[in-house]
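Work through the exercises below with the sequence and the model open. Try each task before reading its solution.

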Amino acid sequence: MSESAASSALDPTPTPGESSRARRALLKRLADVVSLPGSRINAFERAVVGDLLVEMLREAEPSERLRVAKRLAPLTEIPDSLVRLLLRDDSGAAELLLDQCTAFSDADLISCALEAGHSQRLALAGRRNLSEAITDALVSHLEPAVMDRLLHNREAKLSQTAIEELVAVSRDAISLIDPLLKRPEMRPSSAYVMFWWSNTEQRRTILSRFAVSREVLQEVVDDVFAMAAAEGWQDALSRKALQFIERRQRNRAAVEKSPYDSLDHAVEVAAHGLTRDLASEISFLAGIKPMTGAKIFTDMGGESVAILCKATGLPKACVRQLWRGMRRPEVDEAGQMDARLSEVLITYDMIAVDRAQTVLRYWNWSLSSALTPQLMRAIRDGADDMLDEYSVPQRAAMLALTSEFGRK
């Protein structure tokens, strides 16, 4: 038998779909060289070997790429060309490396988040110690499964930009609300916006956790009220801030121009039917803008009505009067108190006046005074990429009023 025939007998031609022994051996040896310590191979040599390995892996079988990834996973340094290839691979190599390998820089992972596929982003979302830059890149794709896994990753850091984006998405992806409420990065500005599309339990969590007192603020600026009054409240900027801080909620000046003797009187009349004009009048008397009042009176959950009554010092009976005026059911088929009304009354009982005022004033601040013509145009046009140009209350208004401006 000839030497060539003997060689063929010992190493038969691989069948279709099966890689040759030589290829498998070569891939393993190259991966071994890449894995050598710095005392055995310098950076330039490692880069050359990495480039050769990349050229082979481009056309290698998925199982071969996965095998190489397993060999490289323990490394703390991998040639850049290999990183770019394997983090975009769909053989499972990317997922394995993202789970086990610590060799990647933030730049590598941001590139993966922006340019790789859904499965790689899903794996990346569960990786430990993700920076804000990486999570911003992940959130930018607005993939529900990726966002959900990211929110459950307690070792991932989220920027306020990412939180606001997630809050906006939660209007349609309601499964994100609960994990969002558990994130340490959540702030009242975002929670108060998300209140509008949250369920009863979630609203209760928002009010319990984020309805903060303004007592410290009131103590710090107590003497400033007298200063502003002495100046005739001429400075609009300080007047707006002090209106947010002050203890009094009702608008006393509005009573003089109102056809009603008081806010209580207007609510009593509203029990017979809440019209648009009466809703606006109640809003003025309560010290809020008509747009804020409209949002409250059209809220399907109804807890916002309890916030309005508690913040303005209205008695609990006024909640039922407004409920009746909004044509909401007060009793069920069995003659018992309607379950939704019962929850609203519980909300009235659970929140303190000062905290209810904080929520109401923030709604008023974000839903009305922040609505500049530029902001309204941004809401209509969907200019979410312009968010950084706006203040916190303006961004809250963009999120909360999207539906009011016809953008779904």
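**Exercise 1. Name the residues that gather in a patch of negative charge on the surface, and place them on helices.**

Step 1. The patch consists of Glu215, Glu219, Asp222 and Asp223. Patches are made of residues with over 30% relative accessible area and no salt bridge, with like charges joined within 9 Å. Asp and Glu count as negative, Lys and Arg as positive, while His and the chain ends are not counted. Each charge is placed at NZ of Lys, CZ of Arg, CG of Asp or CD of Glu.

Step 2. Two helices, α15 (215-220) and α16 (222-230), each supply at least two residues of this patch. Helices here are DSSP runs (H or I, at least four residues), and strands are E runs of at least two, numbered from the N terminus.

Step 3. Take Asp222, in helix α16. Its relative accessible area is 49%, so Asp222 is partly exposed. The classes are buried (under 20% relative accessible area), exposed (over 50%) and partly exposed in between, with a 1.4 Å probe and protein chains only.

Two notes on the model and its numbering. This is a predicted model, in which local features need pLDDT of at least 70 and side-chain atom pairs count only at pLDDT 80 or more, while totals for chains, interfaces and linings use all residues. Residues are numbered from 1 along each chain as its sequence is written, and side-chain values use heavy atoms, with hydrogens and water left out.

**Exercise 2. Describe the protein as a whole: secondary structure, burial, contacts and exposed area.**

Step 1. Count the elements: the protein has 27 helices and 0 strands.

Step 2. Check burial. The protein has 408 residues, and 47% of them count as buried.

Step 3. Turn to contacts (heavy atoms within 4.5 Å). Consider those between residues at least 6 apart in sequence: 63% of them join residues at least 24 apart.

Step 4. Add the surface. About 20,800 Å² is exposed, 53% of it supplied by carbon and sulfur atoms. Areas come from the Shrake-Rupley method with a 1.4 Å probe; for residues, only the protein chains shown count as cover.

**Exercise 3. Explain why helix α22 is described as largely enclosed by the rest of the structure.**

Step 1. Helix α22 covers residues 303-311. Its buried residues are Glu303, Ser304, Val305, Ala306, Ile307, Leu308, Cys309, Lys310 and Ala311.

Step 2. That makes 9 of the 9 residues buried, so helix α22 is largely enclosed.

Step 3. Look past its end. Gly313 follows α22 and has a positive phi, near 80°.

**Exercise 4. Find two residues with positive phi that are not glycine, and state how accessible they are.**

Step 1. Asn129 has a phi of about 55°. Asn129 sits in the loop between α8 (118-125) and α9 (132-139). Its relative accessibility is 62%, so Asn129 is exposed.

Step 2. Trp233 also has a positive phi of about 55°. Its loop joins α16 and α17 (236-245). At 34% relative accessibility, Trp233 is partly exposed.

**Exercise 5. Work through the salt bridges, from pairs to a network.**

Step 1. Recall the principle. Side chains of opposite charge can pair when their charged atoms come close. The cut-off is a side-chain nitrogen of Lys or Arg within 4 Å of a carboxyl oxygen of Asp or Glu. The structure holds 21 salt bridges.

Step 2. Start with Arg23 and Glu64, whose closest N and O atoms are 3.1 Å apart. This pair links distant parts of the chain: Arg23 is in helix α2 (residues 21-34) and Glu64 in helix α4 (residues 62-72), 41 residues apart. Arg23 is partly exposed at 31%, whereas Glu64 is buried at 2%.

Step 3. Next, Arg204 and Glu201 form a salt bridge at 3.7 Å between the closest N and O atoms. Both lie in helix α14 (residues 200-210), 3 residues apart, about one turn of the helix. An α-helix has 3.6 residues a turn, so residues three or four places apart point the same way.

Step 4. Arg248 and Glu246 meet at 4.0 Å, N to O. Arg248 is partly exposed at 41%, and Glu246 is partly exposed at 21%.

Step 5. Finish with the network: salt bridges link Arg203, Asp299, Glu303 and Arg340. Glu303 is also one of the buried residues of α22.

Key:
Patches are made of residues with over 30% relative accessible area and no salt bridge: like charges are joined within 9 Å, nonpolar side chains (Val, Leu, Ile, Met, Phe, Trp, Tyr) within 5 Å.
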